[in-house]
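Trainee: I have just opened this structure and would like a guided look. Could we go through it together?

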Amino acid sequence: MKTKNQENNKRQIIIVATTASMIEQFNMNNIKILKELGFGVHVGTNFKNPGTITNEISNGLIERLTKLGVKCHQIDFKRGVGTPSANKKAFRQLSKTVEEEDISGIHTHSPLGSIIARRVAHKLGVKVLYTAHGFQFFKGGRLKDWLVYFPVEWFYGRWTDALVTINTDDYAVAKHLPIKRVYYIPGVGTDIENVERIAKEQRQKLRQEVRRNLGINDDEYLLLSVGELSERKNHATVIKAISKLNDPKIKYVIAGIGDEETNLESLIKENRLENKVQLLGYQTDLDGLYFAADLNVFISRNVNLN
């Protein structure tokens, strides 16, 4: 008996990521391209614990995807390395989805999600494309990371049909993995050309409006960080540095949400920086913040697999 998908005669592709934020922030264009090519598209991710977006945005994402004709599947991935029981559960959920939906290809993102996805693909004989958003090991990185994570990627590289890297360092390292097809496609970032198309007068207007809304005076120096509130993003180091500088003209704002929010709030209060440091939460329009800032601070560090 033919399933509905088989009757529609469409090849079914599922995009897999540990968190819904990775779908919302990095994969909407991939989904649109697949739809335009005539594929049936599915998304398998954790919509309930969506990562660096709010639950409200995650629910909105489900609505947007559904309107596009995309079928959404809740997969209870954990962040980091997960736990044996949680990883087995996610493996079973994804395996069931791939079998029931007649999935013929998996496009997977994020280390843990990609390990589980490649195990499923190997078990069920499904093609798999892996997009690496940054290997845990890299030139000049810790020996421990090379000893722990490189063998893992090498092992699962045997079950990877193609790999997409988004930076040149990862592309160079990927040549040492047992994957025949490796591609380099420049990754995420700010569209400089789009920024340059915004008239100088408009940029200045946005700068003034945003600074006024944030309570930043013209003679004050504004630092900006954009990223989830996590140990890896290392916002605490900037806050501590501002405390040591003790310069009343320096202000700092952070755009993002995450598990470290309570700890950062405590750190701000401990150093009496309530009037100098602001946590802005999740922001959908960053152009104004970029124009308002005098310096963008990005001091992420690799502390775990996520």
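Mentor: What follows is a walk through the overall build, the aromatic rings, the salt bridges and a few loop residues. Please keep in mind that this is a predicted model.

Trainee: How many helices and strands does the protein chain have?

Mentor: The protein chain contains 13 helices and 11 strands. Its radius of gyration is 21 Å, close to the 19 Å that the globule rule gives for 306 residues, so the chain is as compact as a globular protein of that length.

Trainee: What does the C-alpha trace span along its principal axes?

Mentor: The C-alpha trace spans about 70 × 45 × 35 Å. Of the 306 residues in the protein chain, 44% are buried.

Trainee: On to the rings. How many aromatic pairs are there?

Mentor: The structure has 8 aromatic pairs. One of them joins phenylalanine 137 and phenylalanine 150, with 5.4 Å centre to centre and 85° between the planes, an edge-to-face arrangement.

Trainee: Which parts does that pair tie together?

Mentor: Phenylalanine 137 lies in the loop between β5 (127–132) and α7 (143–157), while phenylalanine 150 is in helix α7, so the pair ties together parts that are 13 residues apart in sequence.

Trainee: Is phenylalanine 137 buried or exposed?

Mentor: Phenylalanine 137 is buried, because its relative accessible area is 1%, and buried means under 20%. Ring pairs also link Phe137 into a cluster with Phe135, Trp146 and Phe150.

Trainee: What about tyrosine 156 and tryptophan 159, how are their rings placed?

Mentor: Their ring centres are 5.6 Å apart and their planes are at 85°, so this pair is edge-to-face. Both tyrosine 156 and tryptophan 159 are buried.

Trainee: Which arginine lies over the face of tyrosine 130?

Mentor: That is arginine 118, at 4.2 Å from the ring centre of tyrosine 130. In addition, arginine 158 lies over the face of phenylalanine 155, at 4.0 Å from the ring centre.

Trainee: Let us stay with arginine 118. What does its side chain meet in a salt bridge?

Mentor: The side chain of arginine 118 meets that of glutamate 153, at 3.3 Å from N to O. Glutamate 153 lies in helix α7 and arginine 118 in helix α6 (residues 111–124), so the pair ties together parts that are 35 residues apart in sequence.

Trainee: How accessible are those two, glutamate 153 and arginine 118?

Mentor: Glutamate 153 is buried, with a relative accessible area of 9%, and arginine 118 is buried too, with a value of 0%.

Trainee: How many salt bridges does the whole structure hold?

Mentor: A search of the whole structure gives 12 salt bridges. Among them is the one between aspartate 294 and arginine 211, whose closest N and O atoms are 3.3 Å apart. Aspartate 294 lies in the loop between α13 (287–292) and β11 (295–296), and arginine 211 in helix α10 (residues 200–214), so the pair ties together parts that are 83 residues apart in sequence. Aspartate 294 counts as partly exposed at 31% relative accessibility, whereas arginine 211 is buried at 3%.

Trainee: Which residues do salt bridges with shared partners join into one network?

Mentor: Arg79, Glu228 and Arg232 are joined in that way. Within this group, the side chains of glutamate 228 and arginine 232 meet at 3.4 Å, N to O. Glutamate 228 counts as buried, at 11% relative accessibility.

Trainee: Now the surface. Which residues form a nonpolar patch there?

Mentor: Leu143, Leu147 and Val148 form the patch, with about 310 Å² of accessible area together. Leucine 143 is found in helix α7 and counts as exposed, at 61% relative accessibility.

Trainee: Lastly, the loops. What is the phi of asparagine 246?

Mentor: Asparagine 246 has a positive phi of about 50° although it is not a glycine. Most residues other than glycine have a negative phi. Asparagine 246 sits in the loop between α11 (235–245) and β9 (250–255), and is exposed, with a relative accessible area of 63%.

Trainee: And where is aspartate 102?

Mentor: Aspartate 102 is in the loop between α5 (84–100) and β4 (103–109). Its phi is near 55°, a positive value in a residue other than glycine. Aspartate 102 counts as partly exposed, at 26% relative accessibility.

Terms used:
Residues numbered from 1 in each chain as written. Predicted model: local features only at pLDDT ≥ 70, side-chain atom pairs only at ≥ 80, totals over all residues. Heavy atoms only, no water. Phe/Tyr/Trp six-rings, centres within 6.5 Å; stacked < 30°, edge-to-face > 60°. Helix = DSSP H or I, 4+ residues; strand = E, 2+ residues; numbered from the N terminus. Buried < 20%, exposed > 50% of the residue type's maximum accessible area, 1.4 Å probe, protein only. Lys NZ or Arg CZ within 6 Å of the ring centre and 35° of its normal. Patch = residues over 30% accessible without salt bridge, like charges linked within 9 Å, V, L, I, M, F, W, Y side chains within 5 Å. Areas by Shrake-Rupley, 256 points an atom, 1.4 Å probe, with all protein chains shown as cover. Salt bridge = Lys/Arg side-chain N within 4 Å of Asp/Glu carboxyl O. Rg over C-alpha atoms; globule rule 2.2 N^0.38 Å.
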